[in-house]
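Notebook open, coffee ready. I'm jotting down what I looked up, one entry at a time.

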Amino acid sequence: MTGELFELEMIGGSIERRYRKMRPEVEAMPWGTIDVSRVPEENLIAARRAWTGAAFQEHRTGVACSATLRALIEARAPLDLIALAARFPLDEMVHVELCARMAMELGGGTEIMHDPNALVLDADPELPPLLRAAEVVVRFFCVGEALSIPLLRGTWHAARHPLPKAVLGRIVKDEAAHGTFGFTFLDWAGEHLSEEDRAHLGRSADIGIAFMRRQWEDIRKNPRAPAHEGDALAWMATDAYLALAERSMEEKVIGPLTERGIPITRSSGPGSGNVIG
Ligand SMILES: [Fe+2]
Ligand SMILES: [Fe+2]
């Protein structure tokens, strides 16, 4: 694999203390309480890989939120709406830390190579500012973030141990605001969007939807081992997760976008319609 290793660091000292003050809930979690001594080696590795992957996804989402924030400011979106979105990159950095620390609790992160220049697909720079903002809002928020609320909530429900429960609970809490943001933006921007603009946004949504379905296809091919009695690493069963994912795509993404006049190509994307069999 080529690219750069996904690694994280902290400066520490007064900088870390200021960060901790902003988000005291991170240190308040029951770190150091998971006993993994009786967890089979391969389950442990799978869990370390899953949490490292989650940290990387949160990192990517941090870039997506920052790209969106810039586009919103350039488009002179309503100031209060921009102010809400300004919190999102910090939330995502907290989520990166939480997931990375979960991997550390289980023995350490696993190796992820990535291309930092290709983390997210930016808006087409040729488009006018409002449409640029709408494009990234639709792809990152109306698709990605809107889906993460029900999926994270489902994963949180499945968690048994207090530590992953606290970590997922915190992420779910933050994501509630992220997941509704895209549609709030569209409700404001709607009157400024032409038929042609909406068609462009529909194509953007198709790209986002196809991207999510590719990820689900990978999950389907590499299912997690089923949870057992007293499983400290309990996770949502793969079939249940994928069924929830497909249902949420209909209810939280395709439905609300269609209601707002954004045309979705239902047949687009690999595995569409047959992800859950
Ligand atoms: Fe997040
Ligand atoms: Fe988020």
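**Entry 1: the first metal site.** I started with the iron ion (ligand 1), whose four donor atoms make angles of 83 to 156 degrees, so the site is irregular. For the record, four donors are tetrahedral if all angles lie between 85 and 135 degrees; four are square planar and six octahedral if opposite donors are over 155 degrees apart and all others between 65 and 115; anything else is irregular. The protein donors here are Glu58 (OE), Glu92 (OE), His95 (ND1) and Glu175 (OE), at 2.0 to 2.3 Å from the ion. A donor is an N, O or S atom within 2.8 Å of the metal (3.2 Å for Na, K and Ca), and water is not among the atoms, so sites may look incomplete. Along the chain, these donor residues follow E-x33-E-x2-H-x79-E. The pair His95 in helix H4 and Glu175 in helix H6 (residues 162-189) links distant parts of the chain, 80 residues apart. Helices are DSSP runs (H or I, at least four residues) and strands are too (E, at least two), numbered from the N terminus.

**Entry 2: ground rules.** I noted that this is a predicted model, where local features need pLDDT of at least 70 and side-chain atom pairs count only at pLDDT 80 or more, while totals for chains, interfaces and linings use all residues. Residues are numbered from 1 along each chain as its sequence is written, chains are lettered from A and ligands numbered from 1 in the order written, and side-chain values use heavy atoms, without hydrogens and water.

**Entry 3: the second metal site.** Which residue coordinates both iron ions? I found that Glu92 does, with the iron ion (ligand 2) and the iron ion (ligand 1) 3.4 Å apart. Glu92 lies in helix H4 and Glu145 in helix H5 (residues 129-158), so this pair ties together parts 53 residues apart in sequence. The protein donors of the iron ion (ligand 2) are Glu92 (OE), Glu145 (OE), Glu175 (OE), Glu175 (OE) and His178 (ND1), lying 1.9 to 2.4 Å from it.

**Entry 4: buried or exposed?** I checked some of the donors, using buried for under 20% relative accessible area, exposed for over 50% and partly exposed in between (1.4 Å probe, protein chains only). Glu92 is at 0% relative accessibility, so it counts as buried. His95 is buried at 0%, Glu175 is buried at 2%, and Glu145 is buried at 6%.
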